[in-house]
Amino acid sequence: MSNEEFRAALSRLAAGVVLVTAQEPPLDEDGRGEDVGMTATAFMSVSLDPPLVLVSLRNDSRMDDLLAEQPLWAVSVLAESQRHIAGRFAMKGRISDRLLFEDIPYVRGEVTGAPLAGGALATLECRTEQRVLAGDHTLVIGRVLSAAVPSGEGGPLTYFRGRYRQLG
């Protein structure tokens, strides 16, 4: 089986789209660390008791490196109207994270300090429980420390056959 055949087969699996965020530890005691974000479609619930979720990160990506040292992170479940956010944080060779967050409404999570996207269908704040190496990715399992449903309006943003899509 080739990589292309594998990708083509799995592109037929629709997935929800989330924004994973974390804050780098500050360089000094007076500063705040830079916010980091990435779009993910490999995200899922793992357990209700205890409440656990999983996100898959490409090895040696900025988020993988950060979550190897920063145990607190957050997830915003993106609405169909937030396609621009998903695209922005999925870009390869992108601009600095500071500029990516510049004109996106967000609040800081009370538990993690990580950005939570305004208008998201749901938000979760997590603490890493386990990291599992799996091929060219790391599976990060996080305990959910807080969950909220700030916006009940709109449908979820999904990813299918290489494109962002809406249900219906």
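Select Leu67 first. Beyond the residues up to four places away in sequence, Leu67 touches Ala22, Leu57, Leu72, Trp73, Thr128, Arg131 and Val140. The model is a predicted one, and the stops below follow its elements outward from this side chain.

**The core around Leu67**

Add Val20, Val55, Leu57, Met63 and Trp73 to the selection. Together with Leu67, these residues touch the most other members of the largest nonpolar core, which has 18 residues. At least two residues of this core come from each of S2, S3, S5, H2, S6, S9 and S10. Another core lies apart from it; this one has 13 residues, including Leu100, Phe101, Ala117 and Tyr164.

**Helix H2**

Now select residues 62-69, which form helix H2. Which of its residues are buried? Met63, Asp64, Leu66 and Leu67 are. Look down the helix axis: the buried residues of H2 fall within an arc of 165 degrees, so they line one face of the helix. Rotate to the face turned away from that buried side, and the exposed residues there are Ala68 and Glu69.

To see what covers the buried residues of H2, show the strands. Among the covering elements are S2 (18-23), S3 (35-40) and S5 (52-58). S6 (72-77), S9 (122-134) and S10 (137-148) also belong to the cover.

**Strands S2, S6 and S9**

Keep S2 and S6 on display. The two strands run antiparallel and are joined by four bridges. Val20 can serve as a marker here, standing opposite Val75 in S6; Val20 was also picked out above in the largest nonpolar core.

Move on from S6 to S9. This pair is antiparallel too, with six bridges. Select Val77 to find one of the pairings: its bridge partner in S9 is Ala122.

**Ser56 in S5**

Next, go to Ser56, in strand S5. Is Ser56 buried or exposed? Its relative accessible area is 17%, so Ser56 counts as buried, the cut-off being under 20%. Leaving out neighbours within four places in sequence, the contacts of Ser56 are Met38, Ala42, His137, Thr138 and Leu139.

**The three-stranded sheet**

Hide these elements and show S1, S11 and S12. They make an open sheet in the order S1-S11-S12, and the pairing is antiparallel. Which strands stand at the edges? Strand S1 (15-16) and strand S12 (163-166) do; each has a single partner strand, so one side of each is left without a neighbour in the sheet.

Between S11 (residues 157-160) and S12 there are four bridges, and the strands run antiparallel. Thr158 has Arg165 in S12 as its bridge partner. Then add helix H3, residues 83-90, which packs on the sheet and touches S11 and S12. The direction of H3 makes about 165 degrees with that of S12.

**The whole chain**

Finally, zoom out and show everything. The protein has four helices and twelve strands. Along the principal axes, its C-alpha trace spans about 50 × 40 × 35 Å. The radius of gyration is 16 Å, which agrees with the value near 15 Å for a compact globule of 168 residues. Of the 168 residues, 40% are buried. Taking contacts between residues at least 6 apart in sequence, 63% join residues at least 24 apart.

Notes
Residues numbered from 1 in each chain as written. Predicted model: local features only at pLDDT ≥ 70, side-chain atom pairs only at ≥ 80, totals over all residues. Heavy atoms only, no water. Buried < 20%, exposed > 50% of the residue type's maximum accessible area, 1.4 Å probe, protein only. Arc of directions from axis to C-beta. Contact = heavy atoms within 4.5 Å. Pairing = 2+ DSSP bridges. Axes fitted to C-alpha atoms, helices over the stretch in contact; angles between N-to-C directions. Core = buried A, V, L, I, M, F, W, Y, C linked by side-chain atoms within 4.5 Å. Rg over C-alpha atoms; globule rule 2.2 N^0.38 Å.
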